[in-house]
Amino acid sequence: MAEPLKIIFWPDPRLRRASQPVKGFDIKLRELVSAMLELMRAEKGVGLAAPQVGRNIRLFVMNATGEPGDDRVYVNPSLFDPEGEETGEEGCLSLPEIRIDVVRSKTLRITAFDLEGKPFEQTATGFPARVWQHEVDHLNGTLLVDRMGPVARMANRKLLKNLEERYEKEHPTPPAPPPPVPPKRRVAPRKSRK
Ligand SMILES: [Zn+2]
């Protein structure tokens with residue numbers, strides 16, 4: 001791959017976009033997935049969604065146990081049949097150091113496609129179901145900051161401010177263009193009579 005993948009951080013606007021369905025199940029997709037799995041492992045994450053590496057497509061990878069054999073890939077996922085509720089602590093690689101309690105459905109069914117474009121279906125309860133919901137949130141442009149109540153927002157305001165400052169530093173606003181020159185009033189040339 002031309003450029004190594006990098007995690008992008010809140011408040012990068014790319015994290016806010018609703019992602020588009022994956023259409024091509026090709027070598028490019030497989031390369032992206034293997035790079036995402038590698039990055040997720042390096043960053044000690046349990047899940048990573050494509051928008052977090054600046055790709056606005058409906059794809060996420062996860063590994064709920066940390067065991068090498070437990071890598072999972074979900075392309076164009078949909079969640080169904082939520083049952084029950086559970087509060088649990090979540091973090092996000094795009095919001096480093098922030099951890100908040102989020103209420104999620106306890107049990108869910110997911111349908112998705114694998115890397116060959118074959119559909120599959122799974123059901124999970126507890127932690128894997130929580131990861132699915134967190135990652136599908138990413139595909140819809142929803143982040144942990146949107147799941148924060150006023151208390152969590154207050155508790156994390158310093159960390160959020162630091163992230164905003166870091167983003168502004170890395171993405172300086174270009175200087176404003178000079179004000180437009182007011183158009184000169186056109187005076188209709190008079191026809192001179194001689
Ligand atoms: Zn996340």
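How many residues does H1 have, and how far does H1 reach from its first C-alpha to its last? In this predicted model, local features need pLDDT of at least 70 and side-chain atom pairs count only at pLDDT 80 or more, whereas totals for chains, interfaces and linings use all residues. Residues are numbered from 1 along each chain as its sequence is written.

H1 (helices being DSSP runs of H or I with at least four residues, strands runs of E with at least two, numbered from the N terminus) has 16 residues and reaches 23 Å, close to the 22 Å expected at 1.5 Å a residue, the expected span being 1.5 Å times one less than the number of residues. Leu32, Met36 and Met40 of H1 are buried (20 or more other C-beta atoms within 10 Å of the residue's own, against 12 or fewer for exposed and in between for partly exposed, with C-beta atoms placed from the backbone). These residues cover an arc of only 70 degrees around the axis, which puts them on the same side of H1; the arc is that of the directions from the helix axis to the C-beta atoms. The face turned away from the buried side carries the exposed residues Ile27, Glu31 and Ala42.

An open sheet is formed by 5 strands in the order S1-S2-S3-S4-S5, with antiparallel pairing (at least two DSSP bridges between two strands). Strands S1 (47–49) and S5 (119–125) stand at the edges, each with a single partner strand, so one side of each is left without a neighbour in the sheet. Strand S2 (residues 59–62) pairs with strand S3 (residues 72–90) over 4 bridges, and Phe60 stands opposite Tyr74 in S3.
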